[in-house]
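Welcome to this tour. Please open your viewer, get your selection tool ready and follow along stop by stop.

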Amino acid sequence: MCCLCIESQRLLFRLGLSFFLFGLINNVLYVIILSAALDLVPPSTPKGIIAFCNIFPALVAKLGWPYILKGRIRYARRLIGCTAISFSGMLVVALFDSLHMRLLGICCASFSSGLGELTFLQLSTRYHPPSVAGHSVSYFASGTGGAGLAGAFLWWELRGLGVPIGVGLSSILPFIMPLTYFFVLPRPDRFAGRTFAVNEQDDNDDSAALSASYLPLPRGEEEDAVPVTEAEAAVKAPIALSLSDKWRLAKPMLTRYMLPLFCVYLFEYTINQGISPTLVYPVPTRESHWFMSLLIHSIRDYYPLWQLVYQSTVFLSRSSISLGLPALPARLLSLPAIVQGVILCTLAYESAVGIFGDAHEGISFALVFALICVEGVCGGLAYVNVFFRINQEKHEGGPGMDAERAKQEREFKIGSIGLADSTGILMASLLAVPTEIALCRTQVARGKMFCQSL
């Protein structure tokens, strides 16, 4: 019994490590590209074009693959394709000085990142019992949160080498994903019939359907697919969800999952790209503000500090479930979006008017610091809890439903949610520029000129 417990813990460790690396590596190039925006394009080029090229192709991937493509997912083939596209895109950025070629490379890396994210989320549905599936999602979310810190740190270290070498070295990172998939990730059949010391987060699990024994698929045409249940392996005729099937599955999730996630990302990235750049104050002196003077040495230090605070709190909150904290109740999934809306309005008012006045920059700094901490916590909690809840959701099909159809429905449901966050980010990128300009003009009108010197 003790040996079985040790083996189960090893499997859980390998599963958590694998999905953490999937989330970390899949998202780290996105962060590196945003961090390197100033170095990738000429000074006269709007930096918003980098943000657009870094998110729109990912949105296309998240829209096209779950909603348009049909049939069984070949995970190994898709993963190898993502790796090749990502590597090629970063190589194009590194080897070409042309703006158009660099934007093309960024688009390739973005498309690969979007496709990779939905692929790994779909892969998590292949693991049972539900506690193990939730384990994989929580560690994937933690990895995506860590990518913000890791990507910013990597580019900080690599930027001194220049774009060709710095980005070129970054291009080898995607190869970690297939190596992890083939050599570290345990196959789903390894978890059959085992007991795991993972906290159950939901009492509505379809335990009968999720406790079936696992058998690997026969080698040949399906050899790159993840093993499925015995009933699934017996399926002879190909099964594919129709557009009407997908709309039936997506419709109930629009308000339950997609709308809260969309609002969180819309508010969050509007704050980060449109409001945070204007939250600047005089450079503190050691005599007036000792703690602030340790962090801020010039006007240009404020925005990187806000981003560091945001990324750190996102990482911690996206790791909340993997650290053992309970998931948000399903009825509270909209709470982070509501709080984000309040934070957006408060920070916009602080930027435009100044809640405590220009003579109390220390209090204003503390307020902004605290609000951005809460912003990061809300953003991270929304991401991990929405995907955790959809992963744990009880399947609606009855006992007579075909096993292959049930599997594809689970994969579609979790894969379709990613459309919401990417759409929110894209809309925020369109709102951020006029928001930043309007807030800066308002500051100048009341005699605060700092935003013009950035």
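Before the first stop, one definition: a residue is called buried when its relative accessible area is under 20%, exposed when it is over 50%, and partly exposed in between. Keep in mind as well that this is a predicted model.

**Stop 1: charged partners**

Select Arg 248. With a relative accessible area of 41%, Arg 248 counts as partly exposed, because 41% falls between those two cut-offs. Now add Glu 409 to your selection: these two side chains form a salt bridge, with their closest N and O atoms 3.1 Å apart. Arg 248 sits in helix 11 (residues 243–250) and Glu 409 in helix 17, so the pair ties together parts that lie 161 residues apart in sequence. Glu 409 itself is buried, at a relative accessible area of 2%.

Stay with helix 17 and pick Glu 411 together with Arg 126. Their side chains meet in a salt bridge at 3.3 Å, N to O. Here 285 residues separate the partners, since Glu 411 belongs to helix 17 and Arg 126 to the loop between helix 5 and helix 6. Are these two buried or exposed? Both Glu 411 and Arg 126 are buried. Widen the selection to Arg 72, Glu 404 and Lys 407, and you have a network of salt bridges with shared partners that also includes Arg 126 and Glu 411.

One more pair: select Arg 190 and Glu 7, whose closest N and O atoms are 2.9 Å apart in a salt bridge. Glu 7 is in helix 1 (residues 2–35), while Arg 190 is in the loop between helix 8 and helix 9, so this bridge ties together parts 183 residues apart in sequence. How many salt bridges does the structure hold? The count is 12.

**Stop 2: aromatic rings**

The structure has 17 aromatic pairs. Select Tyr 67 and Phe 412 to see an edge-to-face one, with centres 5.3 Å apart and 85° between the planes. Tyr 67 comes from helix 3 (residues 48–67) and Phe 412 from helix 17 (residues 403–416), 345 residues apart. Both Tyr 67 and Phe 412 are buried.

Next, try Trp 306 and Phe 365. Their ring centres are 5.4 Å apart and their planes meet at 40°, so this pair is tilted. Trp 306 is buried, at 1% relative accessible area, and Phe 365 is buried too, at 3%. For a group of rings, select Phe 19, Phe 22, Phe 120, Tyr 127, Phe 140 and Phe 191, which ring pairs link into a cluster.

**Stop 3: helix 16 and the loop before it**

Select residues 361–392, which make up helix 16. Its end C-alpha atoms are 46 Å apart, in agreement with the 46 Å that its 32 residues should span. Of those residues, 23 are buried, so helix 16 is largely enclosed by the rest of the structure.

Now move to Phe 356, in the loop between helix 15 and helix 16. Phe 356 is partly exposed, at 36%. Together with Tyr 349, Val 353, Ile 355 and Ile 363, Phe 356 forms a nonpolar surface patch of about 440 Å² accessible area.

**Stop 4: a cis bond and a cysteine**

Select His 128 and Pro 129: the peptide bond joining them is cis, with omega about 5°. Pro 129 lies in the loop between helix 5 (99–124) and helix 6 (130–158).

Finish at Cys 53. The structure holds 0 disulfides, and the cysteine sulfur nearest to that of Cys 53 belongs to Cys 107, 4.0 Å away. Cys 53 counts as buried, at 8% relative accessibility.

Notes: Residues are numbered from 1 along each chain as its sequence is written. This is a predicted model: local features need pLDDT of at least 70, side-chain atom pairs count only at pLDDT 80 or more; totals for chains, interfaces and linings use all residues. Side-chain values use heavy atoms; hydrogens and water are left out. Patches are made of residues with over 30% relative accessible area and no salt bridge: like charges are joined within 9 Å, nonpolar side chains (Val, Leu, Ile, Met, Phe, Trp, Tyr) within 5 Å. Accessible areas come from the Shrake-Rupley method with a 1.4 Å probe; for residues, only the protein chains shown count as cover. A salt bridge is a side-chain nitrogen of Lys or Arg within 4 Å of a carboxyl oxygen of Asp or Glu. Helices (H or I, at least four residues) and strands (E, at least two) are DSSP runs, numbered from the N terminus. Buried means under 20% relative accessible area, exposed over 50%, partly exposed in between (1.4 Å probe, protein chains only). A disulfide is a pair of cysteine sulfur atoms within 2.5 Å. The expected span of a helix is 1.5 Å times one less than its number of residues. Rings of Phe, Tyr and Trp (its six-membered ring) pair if their centres lie within 6.5 Å; planes under 30 degrees apart count as stacked, over 60 as edge-to-face and the rest as tilted.
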